[in-house]
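Colleague: I have a little time before the meeting, could you walk me through this one? Start wherever you like.

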Amino acid sequence: MLTRLPASLVALFSLTAAVAAVPADWSSSHGIGPRAATRKCGNEPSLEVVNQMEAMFADLLAEKQASRTTTRAAGDYTVPVYFNVIYTDEDKDAANGAIPDDQIAQQMDVMNNAFSGTGLSFVLQDTIRTLNTDWFNNVAPDTDKQTQMKKQLRQGGPSTLNVYTVGFNNDGARGLLGYATFPATYSSNPDDDGIVLHYATLPGGSQEPYNKGQTLTHEVGHWVGLYHTFQDGCDGGDQVDDTPAEAEPSSGCPEGRNTCPNRAGVDPIHNYMDYSDDACLTEFTPGQIERLKSQISTFRGITM
């Protein structure tokens, strides 16, 4: 069942995504130069947005369970992927966004490995290359440029993943590594659905230490309904019981860090939904897998 998101929630979510971008005065150490000091994802919904999405999720899930008359055997699902490469150099220089096919293939391998225990897999349907300097530099959350790009390029329905790689070079987005839409927003704005990614985060890219492909894993986590592990801080607002509460995002790979000493467990720094370095990210929890399956079944029509 695909239910339309309330207009108030659409507006709130758009605003949240827009203000999540890195301030313009960030230095080259924050995602512009050879090493980014911290991961920056554009998905940081407010508690109000989370509460509204979760209330709608609970209502729809209850309706679905009440109307179910047969039990379907659990199975796997393959998500079709369209990779939209936006570049800004007629010579198709990889340094200006024209990432090669082999790098995209490596990214698909990384993503499939990360999701191998979830029942989800991803298959590349097509790579669409678009020379557009304006989009490459100026696409950012909640902007006209993003709307133009997605309306022109997006393919498929709610169960199709569209990835757009850009440079995040304007002041409103500089420093971002990526951002994604949540499943609950699809029916209200299907053209907007998908993931926008910094091209240099693909395996072998220049965005060290976020150049092993796990930024896309992280953003796909949002696309299937997962929040950050540090959502709502020590109050544990990621809606998953088996991810320990975390006061703030991780950086690097700080083994044994415990920012919520009054809650059980050390910080989940190895979780794909934290901000640790790519090399540090290795897992989704069973609770996250259960949640993502419910989310995509409810909002994307993917039954597993």
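Modeller: Let me begin with one pairing in the sheet, keeping in mind that this is a predicted model: alanine 180 has isoleucine 195 of β5 as its bridge partner, and this contact belongs to the antiparallel pairing of strand β4 (residues 178–180) with β5, which extends over three bridges.

Colleague: And which residue of β3 does isoleucine 195 of β5 have as its bridge partner?

Modeller: That is valine 163, whose bridge partner in β5 is isoleucine 195; strand β3 (residues 161–166) and β5 run parallel and are joined by four bridges.

Colleague: What about the faces of β5, buried or exposed?

Modeller: Strand β5 (residues 195–198) is covered on both faces, with Ile195 and Leu197 buried on one side and Val196 and His198 buried on the other. For the chain as a whole, 54% of the 304 residues count as buried.

Colleague: OK, zoom out a bit. In what order do the strands sit in the sheet?

Modeller: The order is β2-β1-β3-β5-β4, an open sheet of five strands with mixed pairing. The edges are taken by β2 (120–131) and β4, each of which has a single partner strand, so one side of each has no neighbour in the sheet. From one strand to the next, the twist averages 20°.

Colleague: How many bridges join β1 to β2?

Modeller: There are 11 bridges between strand β1 (residues 77–87) and β2, and the two strands run parallel; within that pairing, tyrosine 77 has leucine 120 of β2 as its bridge partner.

Colleague: And how many helices go with the strands?

Modeller: The chain has seven helices and five strands, and from the N terminus on these elements follow one another as α-α-β-α-β-α-α-β-β-β-α-α.

Colleague: Switching topic, how many disulfides turn up?

Modeller: Searching the whole structure gives two disulfides, and when the bonded cysteines are counted along the chain, the pattern is 1-3, 2-4.

Colleague: Take cysteine 234 and cysteine 260, then. How far apart are the sulfur atoms, and which hand does the disulfide have?

Modeller: The sulfur atoms of cysteine 234 and cysteine 260 are 2.0 Å apart, and the torsion about their S-S bond is about -95°, so this disulfide is left-handed. Both cysteine 234 and cysteine 260 lie in the loop between α6 (214–223) and α7, so the pair ties together parts that are 26 residues apart in sequence.

Colleague: Is cysteine 234 buried or partly exposed, and what about cysteine 260?

Modeller: Cysteine 234 counts as partly exposed at 30% relative accessibility, whereas cysteine 260 is buried, with a relative accessible area of 2%.

Colleague: What does the disulfide of cysteine 253 and cysteine 280 look like?

Modeller: Cysteine 253 is joined to cysteine 280 with an S to S distance of 2.1 Å, and this link is right-handed, with 65° about the S-S bond. Cysteine 253 and cysteine 280 are both in the loop between α6 and α7, 27 residues apart, and the pair links distant parts of the chain. As for accessibility, cysteine 253 counts as partly exposed at 37%, while cysteine 280 counts as buried at 2%.

Colleague: I also clicked on histidine 270. Where does that residue lie?

Modeller: Histidine 270 lies in the loop between α6 and α7, and because its relative accessibility is 23%, this histidine counts as partly exposed. Histidine 270 and leucine 281, which are 11 residues apart in sequence, come to 4.4 Å from each other in space, taken C-alpha to C-alpha.

Colleague: Last topic, the interior. How many cavities of 30 Å³ or more does the structure hold?

Modeller: The structure holds one cavity of 30 Å³ or more, and the largest cavity has a volume of about 50 Å³. The lining comprises 11 residues, and those closest to the centre are Met53, Glu54, Tyr227, Arg291 and Gln295.

Colleague: Which helices supply at least two residues of that lining, and how do the lining residues divide by type?

Modeller: Helices α2 (47–67) and α7 (286–299) each contribute at least two residues to the lining of the largest cavity, and by type the lining residues divide into seven nonpolar, two polar and two charged.

Conventions. Residues are numbered from 1 along each chain as its sequence is written. This is a predicted model: local features need pLDDT of at least 70, side-chain atom pairs count only at pLDDT 80 or more; totals for chains, interfaces and linings use all residues. Side-chain values use heavy atoms; hydrogens and water are left out. On a 1 Å grid over the protein atoms alone, a cavity is a set of points where a 1.4 Å probe fits but cannot get out, and a pocket is an open set with protein on both sides within 12 Å along at least five of seven lines; lining residues have an atom within 4 Å of a point. Grid points are joined across faces, edges and corners, and a volume is the space filled by probe spheres set on the points. Ala, Val, Leu, Ile, Met, Phe, Trp, Tyr, Cys and Pro count as nonpolar, Asp, Glu, Lys and Arg as charged, and the others, Gly among them, as polar. Buried means under 20% relative accessible area, exposed over 50%, partly exposed in between (1.4 Å probe, protein chains only). Two strands pair if DSSP finds at least two bridges between them. Axes are lines fitted to C-alpha atoms, for helices over the stretch in contact, and angles run from 0 to 180 degrees between N-to-C directions. A disulfide is a pair of cysteine sulfur atoms within 2.5 Å.
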